[in-house]
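Work through the exercises below with the sequence and the model open. Each task is followed by a solution in steps.

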Amino acid sequence: MDAREIFSQRVKQLRLSKGVSQQQVADALGITKPGYQNYEYGRKTPSFAVLPLLADFFDVSTDYLLGRSDDPHLPRMDDETRSLFLALKALKETHGAAK
């Protein structure tokens, strides 16, 4: 199964388990119902702007929606954790370049 199929199955399953209509999800995302239906039917994938909105609406991680994890509730990075991660990444890149 490819990533698009995983994504479309997961958004549909999440919507049904939440008991909301396609129109309600579309309204929450600020898109049209046909635009949202394209995600469930596997015709299109969301933009970078819409993907986190979907994750927030369904209270899951983007990794779960994209099929990168089977755990829907991976911890999200807060600003401090993100800053530390970026600092470590920069340090690693600097250290690696020095070799």
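**Exercise 1. Place arginine 15 in its helix and decide whether it is buried or exposed.**

Step 1. Arginine 15 belongs to helix H1, which covers residues 3-18. The model is a predicted one.

Step 2. The relative accessibility of arginine 15 is 10%. Buried means under 20%, so arginine 15 counts as buried.

Step 3. Leaving aside neighbours within four places in sequence, arginine 15 is in contact with Val20, Ser21, Gln22, Val25, Tyr36, Glu40 and Phe58. One of these, valine 25, is 10 residues away in sequence, and the C-alpha atoms of the two lie 7.7 Å apart.

Step 4. The side chains of arginine 15 and glutamate 40 make a polar contact at 2.4 Å.

**Exercise 2. Find which side chain makes a polar contact with the side chain of glutamine 22.**

Step 1. Glutamine 22 sits in helix H2, which spans residues 22-29.

Step 2. With residues up to four places away in sequence not counted, glutamine 22 touches Arg15, Lys33, Tyr36, Gln37, Glu40 and Tyr41.

Step 3. The polar contact is with the side chain of glutamate 40, at 2.9 Å. The side chain of glutamate 40 also makes a polar contact with the side chain of arginine 15.

Step 4. The relative accessible area of glutamine 22 is 11%. The cut-off for buried is under 20%, so glutamine 22 is buried.

**Exercise 3. Describe how H2 packs against H3.**

Step 1. Two packed helices are described by the angle between their axes and the distance between the axes. For H2 and helix H3 (residues 33-40), the angle is about 110° and the axes are 8 Å apart.

Step 2. Angles of 65 to 115 degrees count as roughly perpendicular, and H2 and H3 are therefore roughly perpendicular to each other.

Step 3. H2 contributes Gln22, Gln23, Val25, Ala26 and Leu29 to the contact, and H3 contributes Lys33, Tyr36, Gln37 and Glu40. By class, these residues are 4 nonpolar, 3 polar and 2 charged.

**Exercise 4. Describe how H2 packs against H4, and give the residue classes of the contact.**

Step 1. The axes of H2 and helix H4 (residues 50-58) come within 10 Å and cross at roughly 125°. That angle makes H2 oblique to H4.

Step 2. The crossing of H2 with H4 is right-handed.

Step 3. From H2, Val25, Ala28 and Leu29 meet Val50, Leu53, Leu54, Phe57 and Phe58 of H4. This contact has 8 nonpolar residues, with no polar and no charged ones.

**Exercise 5. List the buried residues of H3 and look at both ends of the helix.**

Step 1. Tyr36, Gln37, Asn38, Tyr39 and Glu40 are buried in H3. Their cover includes H1, H2 and H4.

Step 2. At the start of H3, a side-chain oxygen of threonine 32 comes to within 3.0 Å of the backbone nitrogen of glycine 35.

Step 3. Glycine 42 follows H3 and has a positive phi, near 75°.

**Exercise 6. Locate aspartate 59 and state what its phi is.**

Step 1. Aspartate 59 is in the loop between H4 and helix H5 (62-65).

Step 2. Although aspartate 59 is not a glycine, its phi is positive, about 55°.

Step 3. The relative accessibility of aspartate 59 is 46%. Partly exposed is the class between under 20% and over 50%, so aspartate 59 counts as partly exposed.

Notes:
Residues numbered from 1 in each chain as written. Predicted model: local features only at pLDDT ≥ 70, side-chain atom pairs only at ≥ 80, totals over all residues. Heavy atoms only, no water. Axes fitted to C-alpha atoms, helices over the stretch in contact; angles between N-to-C directions. Helix = DSSP H or I, 4+ residues; strand = E, 2+ residues; numbered from the N terminus. Parallel < 35°, antiparallel > 145°, perpendicular 65-115°, else oblique. Left-handed = near helix turned anticlockwise from the far one by under 90°. Contact = heavy atoms within 4.5 Å. Nonpolar A, V, L, I, M, F, W, Y, C, P; charged D, E, K, R; others polar. Buried < 20%, exposed > 50% of the residue type's maximum accessible area, 1.4 Å probe, protein only. Polar contact = N/O pair within 3.5 Å; in protein donor to acceptor, adjacent residues only side chain to side chain.
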